[in-house]
Amino acid sequence: MEITEYFNLLFTDYTLQTITLGTAVLGALCGMLGSFAVLRKQSLLGDAISHAALPGIALAFLITGSKDSNTLLIGALISGLIGTFWIRGIVKKTHLKSDTALGLILSLFFGFGMLLLTFIQKMPNANQAGLDKYLFGQAATLVSSDVWTMCIIAGLSLLILLVFWKEFKLLLFDADYTKSLGFNVKFLDILITFFIVISIVVGLQTVGVVLMSAMLLAPAAAARQWTNSLSVMVLLAAIFGAFSGVLGTAISASSNNLSTGPVIVLIAAVFVLFSFIFSPKRGLLFREIRYQSNRKDLELHKTLAFMYHIVKTHDNIDHPHAIKILNNFHGFTRKSLQKLESKEYITVNKTMWSLTEKGFDKAANLYNQQEENE
Amino acid sequence: MSSAQIEIQLIACLVAIACAIPGTFLVLRKMAMISDAISHSILPGLVIGFFITEDLNSPWLILLAAVSGVITVIMVEFIQKTGLVKEDTAIGLVFPALFSIGVILIAKNANDVHLDVDAVLLGELAFAPFDRLFVNGVDLGAKSIWIIGTIVVITLTLLITFFKELKVSTFDKQLAATLGFSPLVIHYGLMSIASVTTVGAFDAVGAILVVALMIAPAAMAYLLTNNLKKMLIIAILAGIASALIGYWVAHYLDASIAGSMTTVLGFLFLLVYLFAPSKGLISVLYRQKRQQVEVYLLTFMLHLQNHTEESERHINHLGEHINWGKMQSKTVVDLALKNNMIVIDDNIISLTEKGKGFAEKAIDYITTNSTVAIEEMKEDFFLFRG
């Protein structure tokens with residue numbers, strides 16, 4: 001199936017519509033809440049929580065015996081929350097650092113989850129097929145009720161974000177100030193963490209335990225490069241997330257043997273890479289260009305200053321000097337002379353140069369910070 | 001015990017030792033999550049290695065996988081250096097992308113290959129003894145034993161040779177650089193060892209258990225001691241203990257050995273987390289509570305010293321004026337009584353000589369805010385502590 005065919009089918013095929021809508025909503029939700037996770041320096045929390053959710057899924061199945069995805073999600077949510085709060089407990093009450101706490105919870109919970117899964121597998125007459133889809137995710141198993149759950153959660157978190165926007169923003173950038181203003185920091189903290197955990201848990205079925213963290217991080221990290229405003233960042237991250245979802249679904253649907261999760265993650269990674277390189281303000285490309293042009297300016301100024309010191313010893317400014325005397329000076333090239341001439345700072349006459357009035361003024365005020373930058 | 005069982009336990013113990021050593025340094029260097037990243041991103045290296053050699057048992061596979069682990073570290077550090085995102089975001093961006101590439105490569109090209117993502121992530125220790133090493137037709141035991149044994153020997157040799165350098169560069173990078181051994185070399189050396197260990201261990205125990213075996217024993221040891229040598233030994237012992245207990249739990253439950261080893265590690269960690277002598281949760285909470293009561297006592301003493309009038313020193317007054325609950329006032333008054341700092345005479349509290357001395361010293365401490373160790377001061381005065 002070609003990509004174009006996919007988009008044609010999108011308008012007619014119900015299953016495809018459901019899956020595409022699901023991944024799009026999931027991407028938007030993760031991008032939105034991921035922005036907060038990234039800015040709160042909790043980037044890897046997503047990784048830890050998604051792994052920590054596994055035993056919850058297995059236990060929920062063991063207890064209820066049902067494979068209904070909502071039941072399993074509640075189990076995942078509970079064990080994800082336990083993991084989160086244990087991480088906090090470890091970081092707050094012991095001298096173990098957050099990276100250790102994250103790695104601990106991640107691997108220990110996941111290992112316990114694996115123990116339960118293999119245990120379930122070997123239980124007599126337990127049809128466990130379908131539980132391991134949470135490991136790597138299968139967007140194809142999304143049904144409309146799952147998508148409804150996602151939409152409801154996305155709507156709910158959007159509502160919460162809008163209601164507590166000001167508070168969350170304050171909390172992000174200055175937690176102490178927020179506390180001193182009398183906001184209930186603990187409540188806000190728990191609220192945002194709770195929603196981050198929920199968004200991770202709903203994504204498990206689609207992209208799986210291993211790749212969920214990237215869903216949370218990548219759109220936000222990409223969006224961060226384009227703006228310094230929180231609201232724009234959240235919006236952009238949601239858009240990036242939704243696009244990675246849709247494009248990932250499209251690509252994986254249009255070729256054989258491609259699971260959706262990894263493709264979505266790679267698309268998101270491409271967004272990140274593109275943003276890292278091409279974002280106008282922070283991007284590596286423009287940073288390098290700026291760096292080079294600054295360096296050229298500096299060399300030009302150095303040459304000009306050198307000329308100024310020569311000219312200063314003469315009575316009239318436009319007294320011509322040989323270009324040769326510049327030769328033992330670094331940073332001087334034929335090009336920089338041309339550039340200086342084009343700016344009318346000097347005039348070049350065969351092998352002689354002389355400073356103009358304008359060039360002299362410029363050179364005299366070169367280190368004067370007050371002067372307007374041209 | 002059959003010989004296969006003994007071999008499995010031996011492999012598990014060797015993996016535990018091989019993981020505990022680099023794990024300890026990763027935890028101390030606050031780079032624990034790097035092990036998670038490495039354990040995932042070896043996948044593309046493995047897959048590419050497999051495409052080149054067409055042989056799942058080739059040593060090139062291990063080498064390429066280890067190289068892709070080191071590449072992960074380099075990429076993470078490159079992204080961190082650009083300053084475009086915060087440190088840990090870089091880790092979170094790199095390894096899912098590499099892992100995805102691995103998954104897609106497998107899905108696209110290796111339909112009929114026994115290279116399975118599940119196997120990489122989860123491993124199956126129970127099958128390890130079936131893969132045997134033959135030299136000239138002689139059965140030398142399970143292959144994993146030799147692979148991991150070699151890694152353990154290399155790691156131990158490097159540890160003993162470079163112990164001093166590792167120690168200094170872990171705790172004081174500047175000092176290490178001044179003394180002339182490059183922190184960078186040691187850093188990448190450690191990362192390479194971590195990668196090689198992960199790769200060597202993963203097909204026996206799976207990538208996630210490698211992470212658990214690296215971090216959890218080291219974290220436990222860190223809660224129990226501040227001495228690097230002791231920490232290494234405790235970490236190794238904890239790893240071995242969980243390997244052995246975990247094996248028998250799995251045997252009993254008929255479940256994944258890797259999973260049950262991790263679960264045992266989890267329980268061990270929970271115990272240490274709760275009960276570690278000075279850094280465990282319970283002793284931390286106890287200490288915080290005691291310090292709280294002691295601060296209350298200080299406030300109380302100062303209050304008494306500042307007020308000579310009887311109405312301020314009535315025992316019922318505490319509740320209204322310093323805003324303490326009944327229980328709280330009782331604890332504080334009891335503590336003060338026990339330490340002979342106050343006397344209660346007809347419900348009026350007065351300071352004793354000792355109490356006065358304490359209050360004066362306390363004021364000194366508060367106003368000068370000098371480096372007078374308040375703990376020492378408390379030692380001088382307290383017979384009983386809160």
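How does the radius of gyration of chain A compare with that of a compact globule of 374 residues? I looked this up before anything else. A compact globule with that many residues would come out near 21 Å, but chain A has 30 Å. A note to myself: this is a predicted model, and I should keep that in mind on every page.

**Entry 1: the outline of chain A**

I checked the extents next. The C-alpha trace of chain A spans about 105 × 55 × 35 Å along its principal axes. Then I pulled up the domain assignment, which splits chain A into domain 1 (3–282) and domain 2 (287–364). The C-alpha centres of these two domains of chain A lie 58 Å apart.

I also counted the elements: chain A has 15 helices and three strands. Of its 374 residues, 46% are buried. For contacts in chain A with a separation of 6 or more, I found that 72% join residues 24 or more positions apart.

**Entry 2: the few strands of chain A**

The three strands form an open sheet in chain A, with the order 1-3-2 and antiparallel pairing. Which strands sit at the edges? They are strand 1 (321–322) and strand 2 (346–349) of chain A, each pairing on one side only. I followed strand 2 of chain A across to strand 3 (residues 352–355) of chain A, and the two pair antiparallel over four bridges. Within that pairing I noted A:Val348, which stands opposite A:Trp353 in strand 3 of chain A.

**Entry 3: a hairpin in chain B**

Over to chain B. Here strand 3 (residues 342–345) and strand 4 (residues 348–351) pair in the antiparallel sense, again over four bridges. I went through some partners. B:Ile342 faces B:Leu351 in strand 4 of chain B, and B:Asp345 has B:Ile348 of strand 4 as its bridge partner. The hairpin made by these strands of chain B has two residues between the strands, and B:Asp346 takes a positive phi near 55 degrees there.

**Entry 4: two lysines with positive phi**

B:Asp346 made me look for other positive phi values. A:Lys41 has one of about 60 degrees although it is not a glycine. Where does A:Lys41 lie? I found it in the loop between helix 2 (14–39) and helix 3 (45–64) of chain A. Is A:Lys41 buried or exposed? Neither label fits: A:Lys41 has 13 C-beta neighbours inside 10 Å, so it counts as partly exposed.

B:Lys30 is also a non-glycine with a positive phi of about 60 degrees. It sits in the loop between helix 1 (3–28) and helix 2 (32–53) of chain B. With 14 other C-beta atoms within 10 Å, B:Lys30 is partly exposed.

**Entry 5: where the chains meet**

I then asked how many residues of chain A are in contact with chain B. The count is 48 residues of chain A against 53 residues of chain B. On the chain A side, the elements giving two or more residues are helix 4 (69–93), helix 5 (98–121), helix 10 (185–224) and helix 12 (260–278). Helix 5 of chain A has the largest share, 15 residues. I sorted this side of chain A by residue type and got 28 nonpolar, twelve polar and eight charged.

**Entry 6: the cores**

My lecture notes say that in soluble globular proteins, nonpolar side chains tend to be buried together. So I looked for nonpolar cores here. The largest has 203 residues, and A:Ala218, B:Ile11, B:Val15, B:Leu93, B:Ile148 and B:Ala219 have the most contacts inside it. Helix 10 of chain A gives the most to this core, 22 residues. Apart from it lies another core of 14 residues, including B:Leu297, B:Val332, B:Leu335 and B:Ile342. B:Ile342 is the residue I had already met opposite B:Leu351.

I zoomed in on B:Ala219. Leaving aside neighbours within four places in sequence, B:Ala219 is in contact with A:Leu96, A:Thr100, A:Leu104, B:Val27 and B:Phe269.

**Entry 7: one last residue, B:Leu265**

B:Leu265 lies in helix 12 (residues 257–275) of chain B. Why does B:Leu265 count as buried? Because it has 31 C-beta neighbours inside 10 Å, and the cut-off for buried is 20 or more. Not counting residues up to four places away in sequence, B:Leu265 touches A:Leu108, B:Ala212, B:Ala216 and B:Ser242. I also checked B:Tyr247: it is 18 residues from B:Leu265 in sequence and 12 Å away in space, C-alpha to C-alpha.

Notes: Residues are numbered from 1 along each chain as its sequence is written. Chains are lettered from A and ligands numbered from 1 in the order in which they are written. This is a predicted model: local features need pLDDT of at least 70, side-chain atom pairs count only at pLDDT 80 or more; totals for chains, interfaces and linings use all residues. Domain bounds come from an automatic or database domain assignment. A residue is buried if 20 or more other C-beta atoms lie within 10 Å of its own, exposed if 12 or fewer, and partly exposed in between; C-beta atoms are placed from the backbone. Two residues are in contact if their C-beta atoms, placed from the backbone, lie within 7 Å. Ala, Val, Leu, Ile, Met, Phe, Trp, Tyr, Cys and Pro count as nonpolar, Asp, Glu, Lys and Arg as charged, and the others, Gly among them, as polar. Two strands pair if DSSP finds at least two bridges between them. The radius of gyration is taken over C-alpha atoms; the globule rule is 2.2 Å times the number of residues to the power 0.38. A nonpolar core is a set of buried Ala, Val, Leu, Ile, Met, Phe, Trp, Tyr and Cys residues joined through C-beta atoms within 7 Å.
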